[in-house]
Amino acid sequence: MNTVVIPVVLRMYLTRKAIIIRPFDFWKKEYEELSYCQDSADFELMFIEKQGCLDNIGVSYMYLNKLDSAQFYYQKALDFINSSQKYFPEHKDFIDYSRIVVMSNQAEAYALANNSAKAELIFKQCLTEGDKTAYAFDNSQATRIALSKLYINTKQYDKASHELAIIKKGLKHKPNPEIFSYWQRFYSRVLSGKQRYREASEQLLEYAEMQYKHTLAARAENKTERWSNISPNRTAAPRYV
């Protein structure tokens with residue numbers, strides 16, 4: 001199931017869909033329905049879905065700038081994870097990763113509330129704990145992106161540069177277009193913050209060009225998909241001589 005493979009992306013996608021219909025009510029109803037599931041051996045229902053719902057309620061409140069409510073549900077999700085992990089020792093890596101996902105969202109909520117010190121502390125905890133899981137590298141890159149954003153927003157450009165340098169080194173080891181896109185934008189902001197405006201504009205132009213190429217490639221792919229959906233049994237148009 002996609003939730004297992006890409007939990008963060010799936011949750012964020014579903015959350016954005018849910019915002020249209022009162023997001024917190026959407027996920028609260030989902031969690032209420034899941035509470036009727038009593039099969040303690042079903043990891044997906046008893047852990048993945050339940051902690052995901054609690055986290056999504058928090059994310060939904062965060063999108064609505066209801067940060068106290070967001071923190072309440074993030075903590076509830078963390079409490080659930082910590083109390084449930086003993087039942088699924090064979091899924092330790094995923095459980096630890098789930099905890100880091102919630103902690104990262106929690107840190108973002110603190111950042112939005114202008115508590116940058118608390119946000120920084122939690123992001124660094126995510127990095128430390130993430131190194132112990134099987135998802136260490138991907139977690140590290142995503143967390144460092146969030147931490148870089150925090151440093152940029154608080155004008156700590158040297159700290160941001162340090163995190164971005166680590167990210168860039170990681171991209172050479174394992175390319176990731178989404179992470180690279182963030183790196184380009186954030187690096188441009190760091191250069192601008194350091195008043196290196198020419199370099200910043202060059203970096204931003206490079207980012208814009210890359211995005212344009214991606215857009216063209218996506219359009220071409222969509223055209224290919226549309227043509228490929230035409231039935232192969234369809235006969236060719238007759239040729240008139």
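Helix H10 tucks a good share of its side chains away: Ile179, Ser181, Trp183, Gln184, Phe186, Ser188, Val190 and Leu191 are buried there. That comes from a predicted model, so read it with the confidence values below in mind. The chain around H10 has 11 helices and zero strands, and 39% of its 241 residues count as buried.

**Helix H10 from end to end**
- H10 covers residues 177-193, which makes 17 residues.
- From first C-alpha to last, H10 reaches 24 Å, close to the 24 Å expected at 1.5 Å a residue.
- The buried set in H10 mixes residue types, with Trp183 and Phe186 in it alongside Ser181, Gln184 and Ser188.
- At the N-terminal end, Asn176 acts as the cap, with a side-chain oxygen 3.0 Å from the backbone nitrogen of Glu178.
- Past the other end comes Gln195, which follows H10 and has a positive phi, near 65°.

**The overall layout**
- Reading along the sequence, you get α-α-α-α-α-α-α-α-α-α-α.
- Counting contacts with a separation of 6 or more, 58% are between residues 24 or more positions apart.

**How far to trust it**
- Mean pLDDT for the chain is 81, with 78% of residues at 70 or more.
- Residues 1-21 have pLDDT below 50, yet this stretch still has 34 contacts in the model beyond near neighbours in sequence.
- Residues 227-241 also stay under 50 in pLDDT, and here the model has zero contacts beyond four places in sequence.

**Salt bridges**
- The count comes to 10 salt bridges.
- Glu120 pairs with Lys124, and their closest N and O atoms are 3.3 Å apart.
- Those two sit four residues apart in helix H7 (residues 116-130), so about one helical turn separates them.
- Is Glu120 buried or exposed? Glu120 is buried, at 14% relative accessible area, whereas its partner Lys124 is partly exposed at 41%.
- Lys132 and Glu129 meet through their side chains at 3.4 Å, N to O.
- In that pair, Lys132 counts as exposed, with 56% relative accessibility, while Glu129 is partly exposed at 35%.
- Glu199 and Arg196 form another salt bridge, with an N to O distance of 2.8 Å.
- Glu199 is partly exposed, at 36% relative accessible area, and Arg196 is partly exposed too, at 33%.
- Elsewhere, salt bridges with shared partners link Lys92, Asp96 and Arg99 into one network.

**Cysteines**
- How many disulfides does the model have? The count is zero.
- Cys53 is buried, with a relative accessible area of 1%.
- Cys126 is buried as well, at 0% relative accessibility.

**What to take away**
- For a quick look, H10 offers a run of buried residues, a cap from Asn176 and a positive phi at Gln195 just afterwards.
- For charged pairs, Glu120 with Lys124, Lys132 with Glu129 and Glu199 with Arg196 are among the ones to pull up on screen.
- For caution, keep residues 1-21 and residues 227-241 in mind, since pLDDT is the predictor's confidence in each residue.

Methods. Residues numbered from 1 in each chain as written. Predicted model: local features only at pLDDT ≥ 70, side-chain atom pairs only at ≥ 80, totals over all residues. Heavy atoms only, no water. pLDDT = per-residue confidence, 0-100. Contact = heavy atoms within 4.5 Å. Expected span 1.5 Å × (residues − 1). Buried < 20%, exposed > 50% of the residue type's maximum accessible area, 1.4 Å probe, protein only. Polar contact = N/O pair within 3.5 Å; in protein donor to acceptor, adjacent residues only side chain to side chain. Salt bridge = Lys/Arg side-chain N within 4 Å of Asp/Glu carboxyl O. Disulfide = S-S within 2.5 Å.
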